[in-house]
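Q: I would like to learn how to read this fold from its atoms. Can we begin with one side chain and work outwards?

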Amino acid sequence: TFRGSGLVTMRSREEAIRALSELNGRHYMMGSFEPLTIKWADPDLRAKKQAARENNDIIRRGLFFARVPYAATEAHVESLFMQFGSVTQVTLIRDQHGAPL
């Protein structure tokens, strides 16, 4: 029961880089036997590449995370990532009935 996942958006790219480097494969959430997996979130790479060509202010600051306990809440995840800066959004991926995927 430790395969929950979701998305977190940090306030800045620098904060996202710090969270990624400090947590990915290194942090175990309470009760978990596997470390967190964290990657850059990239929901629509083609659109982002086009936007980047048109606007140099586009920055990546969203992260995908996996291997969190199903019992984890958005507040748990937010408090973990807040160690590295301001969190602007946390979304746990759940099915239509609210159960973790």
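Q: Which backbone atom lies 3.3 Å from a polar atom of the side chain of Glu15?

A: In this predicted model, that atom is the backbone nitrogen of Ser86. Glu15 itself is found in helix α1.

Q: Is Glu15 buried or exposed?

A: A residue is called buried when its relative accessible area is under 20%. Glu15 has a relative accessible area of 6%, so Glu15 counts as buried.

Q: Which residues does Glu15 touch, leaving out those up to four places away in sequence?

A: A contact here means heavy atoms within 4.5 Å. With that limit, Glu15 touches Ser86, Gly85, Phe84 and Met10.

Q: What is the order of the elements along the chain?

A: Starting at the N terminus, the pattern is β-α-β-α-β-α-β. In total there are 3 helices and 4 strands.

Q: How do the strands pair, and in what order do they stand in the sheet?

A: In general, strands of a sheet pair through backbone hydrogen bonds, in either a parallel or an antiparallel manner. Here the 4 strands form an open sheet with antiparallel pairing, in the order β2-β3-β1-β4.

Q: Which strands stand at the edges, and why is one side of each left without a neighbour?

A: The edge strands are β2 (37-40) and β4 (87-92); each has a single partner strand, so one of its sides has no neighbour in the sheet. From one strand to the next, the twist averages 20°.

Q: How many bridges join β2 and β3?

A: There are 4 bridges between β2 and strand β3 (residues 62-68), in the antiparallel sense. Within this sheet, Trp40 stands opposite Leu63 of β3.

Q: Where does helix α1 pack?

A: Helix α1 (residues 13-23) packs on the sheet and touches β1 (4-10), β2 and β3. The direction of helix α1 makes about 150° with that of β2.

Q: Which strands does helix α3 lie across?

A: Helix α3 (residues 74-81) lies across β1, β2, β3 and β4, and runs at about 140° to β4.

Q: What do the totals for the chain say about burial and surface?

A: Of the 101 residues in the chain, 33% are buried. The accessible surface is about 6500 Å², and carbon and sulfur atoms account for 52% of that surface.

Q: How far apart in sequence are the residues that contacts join?

A: Taking contacts between residues at least 6 apart in sequence, 70% join residues at least 24 apart.

How values were computed
Residues numbered from 1 in each chain as written. Predicted model: local features only at pLDDT ≥ 70, side-chain atom pairs only at ≥ 80, totals over all residues. Heavy atoms only, no water. Pairing = 2+ DSSP bridges. Helix = DSSP H or I, 4+ residues; strand = E, 2+ residues; numbered from the N terminus. Axes fitted to C-alpha atoms, helices over the stretch in contact; angles between N-to-C directions. Buried < 20%, exposed > 50% of the residue type's maximum accessible area, 1.4 Å probe, protein only. Polar contact = N/O pair within 3.5 Å; in protein donor to acceptor, adjacent residues only side chain to side chain. Areas by Shrake-Rupley, 256 points an atom, 1.4 Å probe, with all protein chains shown as cover.
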